[in-house]
Amino acid sequence: MTSLLQTTGILRSLQRALTCHQHATSALWSGASASASISTSAPSCSGAGEEKRHRATTILSVRKDGQVVMIGDGQVSIGNMVAKPNAKKIRKIGDTVVAGFAGSAADGLSLLERLETKLEEHPDQLMRAAVELAKQWRQDKALRFLQAELLVVDAATTLTVSGNGDVLEPHDGVMGIGSGSPYAVAAARALMDVHGPDGKPLDAHTIAMKAMKIAADMCVFTNHNFIVETIKQSDGSPIGSSPKGTSL
């Protein structure tokens, strides 16, 4: 009888261990499936990275020979569906700063408002305002969940600001954000030393337009409905501005 009880107890222990193992395996596979679902749902034309790094749009800034141009497309995507073709993702902040966002429209506009507040606290100090925004974005529990990325320029500085606390400045005056930015940035850098039919180097506006056209041809989340904004040169003379929907 004692031997039978011992055997029964061993069998019950083995059954409990087997049940626990099955539950753990099921949870592990469920978690892996959820992770795969999250990672594959991020819209990225380059096929790499997560949603936090690749937004379904393209914003590009080109700085050359005193000209500073920011250009963005107008497509708004919900999953694989085009919801709107002519959204304005670039805004002027005062007369000296232009900012664009990639990501959620509400989150992007909220961040632009906070950047404007930081610029009011630190006039004519874009770098400091961007750093203060990145610190607040990183530390504030509510702002931490905002799904957007900013590209900001003034007459002297070009910066990207992200929720990871990154404030990055390009080495060559070309910078972009969004899903099509790798194509736009690569094309713009290749065009920086190219001369036009008249033998003169291409200006910043022409480079930005041509680079965005290449990005729009390659990225399904970027369309050809471009919006271009420029700011004044360091000496105060106007560079000019293009209307909404300028398309090459």
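The following dialogue reads selected features of a predicted model.

Visitor: How many helices and strands does the secondary structure of the protein contain?

Guide: The protein has 5 helices and 11 strands. These elements serve as landmarks below, and the model that carries them is a predicted one.

Visitor: What percentage of the residues in the protein is buried?

Guide: Of the 248 residues, 41% are buried. The protein exposes about 13,500 Å², and carbon and sulfur atoms supply 55% of that area.

Visitor: What share of the contacts with a separation of 6 or more comes from residues 24 or more positions apart?

Guide: Such residues account for 58% of those contacts. Pro85 offers an individual case of residues that are separated in sequence: Pro85 and Asn223 are 138 residues apart in sequence, with their C-alpha atoms 7.3 Å apart in space.

Visitor: Where does Pro85 lie, and which residues does Pro85 touch?

Guide: Pro85 belongs to the loop between strand 4 (81–84) and strand 5 (90–93). Leaving aside residues up to four places away in sequence, Pro85 touches Gly74, Gln75, Asn223 and Asn225. Its relative accessible area is 47%, so Pro85 is partly exposed.

Visitor: I should like to turn to charge. How many salt bridges does a search of the whole structure find?

Guide: The general idea comes before the count. Side chains of opposite charge can pair when their charged atoms come close. In this structure, the search finds 5 salt bridges. One of the pairs is Asp73 with Lys89, whose side chains meet at 3.5 Å, N to O. This pair links distant parts of the chain, 16 residues apart: Asp73 is in the loop between strand 2 and strand 3 (76–78), and Lys89 is in the loop between strand 4 and strand 5.

Visitor: Are Asp73 and Lys89 buried or exposed?

Guide: Both Asp73 and Lys89 are buried. In this scheme, that places each under 20% relative accessible area.

Visitor: Which residue forms a salt bridge with Asp172?

Guide: The partner of Asp172 is Arg189, and the closest N and O atoms are 2.7 Å apart. Asp172 sits in the loop between strand 9 (167–168) and strand 10 (174–178), while Arg189 sits in helix 4 (residues 181–191), so the pair ties together parts that are 17 residues apart in sequence. Asp172 counts as partly exposed at 24% relative accessibility, and Arg189 is partly exposed at 39%.

Visitor: How many residues apart are Glu132 and Lys135 in helix 3?

Guide: Glu132 and Lys135 are 3 residues apart in helix 3, about one turn of the helix. They form a salt bridge in which the closest N and O atoms are 3.6 Å apart. Glu132 is partly exposed, with a relative accessible area of 23%. Lys135 is also partly exposed, at 40% relative accessibility.

Visitor: Which residues gather in the patch of negative charge on the surface?

Guide: The patch consists of Glu113, Glu116, Glu120 and Glu121. Glu121 lies in helix 2 (residues 105–121). With a relative accessible area of 47%, Glu121 is partly exposed; a residue must have over 30% to be eligible for a patch, so Glu121 meets that condition.

Visitor: Is His122 buried or exposed?

Guide: His122 is buried, with a relative accessible area of 11%. This histidine lies in the loop between helix 2 and helix 3 (126–139). Apart from residues up to four places away in sequence, His122 touches Arg128, Ala129 and Glu132. Of these, Glu132 has already appeared as the salt-bridge partner of Lys135.

Visitor: Let us close with the backbone. What is the phi value of Asp124?

Guide: Phi of Asp124 is near 60°, a positive value in a residue other than glycine. Asp124 lies in the loop between helix 2 and helix 3, and it is exposed, with a relative accessible area of 75%.

Visitor: And what is the phi value of Asp65?

Guide: Asp65 has a phi near 50°, again a positive value in a residue other than glycine. Asp65 is found in the loop between strand 1 (58–64) and strand 2 (67–72). At 65% relative accessibility, Asp65 counts as exposed.

Terms used. Residues numbered from 1 in each chain as written. Predicted model: local features only at pLDDT ≥ 70, side-chain atom pairs only at ≥ 80, totals over all residues. Heavy atoms only, no water. Helix = DSSP H or I, 4+ residues; strand = E, 2+ residues; numbered from the N terminus. Buried < 20%, exposed > 50% of the residue type's maximum accessible area, 1.4 Å probe, protein only. Contact = heavy atoms within 4.5 Å. Areas by Shrake-Rupley, 256 points an atom, 1.4 Å probe, with all protein chains shown as cover. Patch = residues over 30% accessible without salt bridge, like charges linked within 9 Å, V, L, I, M, F, W, Y side chains within 5 Å. Salt bridge = Lys/Arg side-chain N within 4 Å of Asp/Glu carboxyl O. Lys, Arg positive; Asp, Glu negative; His and termini not counted. Charge placed at Lys NZ, Arg CZ, Asp CG, Glu CD.
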